[in-house]
Amino acid sequence: AISALNPYFQGIGGSSGGFNFFQTIIAGIQPPTTDSKVSYTIYIEDDFTTNVSSIARNQKVVLNNTLLSNQGIHDFNGEIAVGLYQNNDLIEIFDSQPVSFQSKNWTNISWDFNVPLSIPNGTYELYPIYKGNDQTDWSIIRSISMISISLGIVISDETIEFFTPADALPQLRIPEGGFTYSDLYSHFPATFHIRLENTGKEAYTEMWILIMSEDETFYETVASNIICISQGETIDVDFTGVIPVPSGAYKAVLYYATPNNPVEVAGENRLPIVVNRFPPTTPELAFKVTPAVNPVEVMKNGQMTVSATIENEGLSADGNMHVFIYQFTGGNHLKTYHQPFTLAQDESIFFQMEVPIELDKGKYYLMLQYVEGEDRHYVKRFDEQVTFLVVEGTAISELKDREPFHIYPNPVRDYLLVETQETIQSLRIFNVSGVQIRSEYSSETRNEIRIPTGNLAPGIYFLQITTTQGTVLKKFIKQ
């Protein structure tokens with residue numbers, strides 16, 4: 001016996017539990033005992049029908065070719081037949097055929113048989129039935145596609161007439177107040193509670209909860225479930241899954257499987273819902289503009305500026321921002337520096353930190369990490385890596401000669417000039433709050449680039465220059 005659990009899917013019957021092929025976590029296995037029995041999951045995939053409405057009493061009944069599937073975990077070896085039922089009692093078995101087919105496979109079968117004269121006149125129903133070689137009782141073959149699995153039959157002295165019973169198909173409906181749900185948060189689990197009524201035949205089918213946009217132009221699946229509901233029964237089913245859409249207003253819809261397309265359940269369906277953004281419990285920091293260092297080639301025992309624009313969509317941050325420096329080839333961090341960092345919820349900031357370079361000549365990279373509390377109860381590690389070089393230097397003039405960028409005039413009025421011999425990929429201007437004011441892109445190598453600044457308000461700004469060699473940040477003043 002297998003016991004399985006999955007937080008997003010319950011078994012057959014929803015809250016009543018049971019085996020469900022969606023379940024993926026095995027909780028326990030026990031060896032088979034002498035009382036253990038193999039169970040089979042045989043489905044009919046086509047309507048159970050005949051092409052004629054009546055035949056003479058002595059003619060053969062010929063049923064249409066029918067597709068069967070074995071959706072269970074065991075190969076099936078046994079018999080498939082047609083059962084004659086009256087008042088839910090099995091009266092006679094027709095055209096029993098030996099059948100073998102593997103798990104997750106399909107087979108076609110057709111039947112033809114005479115109805116013995118010993119069968120009394122009356123109204124009956126025909127069902128496809130099966131019995132494994134290791135079983136003693138016959139079982140009705142069910143459908144997971146909401147199709148007719150029975151055929152009405154009226155036997156008289158002269159004829160046999162066929163009809164589709166009025167209740168041959170399930171009739172599912174959600175009554176008033178039968179569609180409720182727990183709190184809905186984007187990308188978090190939620191549960192929809194469904195009350196189902198069935199006034200038709202027994203339903204054994206797969207159902208889905210979908211979330212669709214208000215204008216019904218797109219939808220996403222939240223959860224599915226296998227339900228089994230008898231004729232005249234009312235059941236409660238839970239559908240649990242992760243809400244796959246951003247916050248906003250939507251509709252929740254319940255569908256069930258048919259041979260062609262999913263069909264919407266009747267009754268109180270298309271429920272208006274609101275998906276909320278999950279209330280944050282910690283800061284939620286992210287780079288609004290990727291970090292940069294200035295200069296990208298720094299003199300040994302010199303100083304480097306690390307900068308980034310950081311936004312916070314969570315609770316207010318009040319901790320320390322750390323800079324970890326690593327050898328470019330990897331390994332443990334070589335140096336770490338930190339400074340206090342605060343940022344209110346739903347705000348952004350242009351962060352800068354001066355870092356002393358106490359490293360030998362070589363290639364390195366750095367990463368940022370935010371830590372809150374002496375007990376480090378919240379740590380945010382940023383994945384972005386920023387590469388830089390440590391070079392030898394003996395004089396300030398030598399360092400200036402090596403610097404690949406020069407900007408002037410500074411302070412500036414109408415145009416800011418950038419001198420470089422490298423290929424510029426992008427130029428971005430930020431104010432002191434980290435808000436991007438302007439961006440320009442280029443793929444040319446030019447000695448001088450003119451950036452219009454006449455429309456900038458007086459104040460302090462930062463120019464981020466990105467080339468194929470890296471990113472630097474330059475401060476300038478607009479008069």
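**Close-up views of a predicted model**

Asp 236 is partly exposed, at 38% relative accessible area (buried is under 20%, exposed over 50%, partly exposed in between; 1.4 Å probe, protein chains only). This is a predicted model, in which local features need pLDDT of at least 70 and side-chain atom pairs pLDDT 80 or more, while totals for chains, interfaces and linings use all residues. Residues are numbered from 1 along each chain as its sequence is written, and side-chain values use heavy atoms, without hydrogens or water.

**View A. Arg 195 and Asp 236 form a salt bridge.** Here the two side chains meet at 2.7 Å, N to O (a salt bridge is a Lys or Arg side-chain nitrogen within 4 Å of an Asp or Glu carboxyl oxygen). Follow the chain and you will find Arg 195 in strand β15 (residues 189-198) and Asp 236 in strand β18 (residues 234-242), with the two positions 41 residues apart (strands are DSSP E runs of at least two residues, helices H or I runs of at least four, numbered from the N terminus). Arg 195 is partly exposed, with 40% relative accessibility. The structure holds ten salt bridges, and the next two views show others.

**View B. Strands β6 and β9 are linked by Glu 79 and Lys 131.** The side chains of Glu 79 and Lys 131 meet in a salt bridge of 3.9 Å, N to O. Glu 79 belongs to β6 and Lys 131 to β9, 52 residues apart. How exposed or buried are Glu 79 and Lys 131? Glu 79 counts as partly exposed because its relative accessibility is 27%, while Lys 131, at 17%, counts as buried.

**View C. Lys 335 pairs with Glu 358.** This salt bridge spans 3.9 Å, N to O. Lys 335 sits in strand β27 (residues 335-343) and Glu 358 in the loop between β28 (347-356) and β29 (362-372), so the pair ties together parts that are 23 residues apart in sequence. Both ends are partly exposed: Lys 335 has a relative accessible area of 28%, and Glu 358 has 45%. Elsewhere, salt bridges with shared partners connect Glu 216, Lys 251, Glu 264 and Arg 270 in one network.

**View D. Lys 478 is buried and has no salt bridge.** Look for Lys 478 in strand β38 (residues 470-478). The nearest side chain of opposite charge is that of Asp 414, 6.1 Å away (Lys and Arg count as positive, Asp and Glu as negative; His and chain ends are not counted).

**View E. The second largest pocket is lined by 23 residues.** Its space is about 510 Å³. Lying nearest the pocket centre are Asn 88, Tyr 127, Ile 140, Lys 201 and Glu 202. Strands β6 (76-86), β9 (122-132) and β16 (203-213) each give two or more residues to this lining, and β9 gives the most, with four. By class, the pocket lining has twelve nonpolar, seven polar and four charged residues (nonpolar: Ala, Val, Leu, Ile, Met, Phe, Trp, Tyr, Cys, Pro; charged: Asp, Glu, Lys, Arg; polar: the others, with Gly). At the pocket, take a moment with Asn 88: this residue has a positive phi of about 70° although it is not a glycine. Asn 88 is in the loop between β6 and β7 (89-101) and counts as exposed, at 74% relative accessibility.

**View F. One cavity of 30 Å³ or more is present.** On a 1 Å grid over the protein atoms alone, a 1.4 Å probe fits in a cavity but cannot get out, a pocket is an open set with protein on both sides within 12 Å along at least five of seven lines, and lining residues have an atom within 4 Å of a point. Points join across faces, edges and corners, and volume is the space filled by probe spheres on them. The largest cavity holds about 40 Å³. Its lining includes Val 289, Thr 290, Phe 350, Phe 430, Gln 464 and Leu 473. Strands β23 (285-294) and β25 (303-312) each give two or more lining residues, and the largest share, four, comes from β23. Seven of the cavity-lining residues are nonpolar, four are polar and none is charged.

**View G. Several loops have backbone features to inspect.** Asn 294 and Pro 295 are joined by a cis peptide bond with omega of about 0°, and Pro 295 lies in the loop between β23 and β24 (297-299). Another cis peptide bond, with omega of about -10°, joins Tyr 408 and Pro 409; Pro 409 is in the loop between β32 (405-408) and β33 (415-420). His 187, which is not a glycine, has a positive phi of about 65°. His 187 lies in the loop between β14 (179-181) and β15 and counts as exposed, at 52% relative accessibility.
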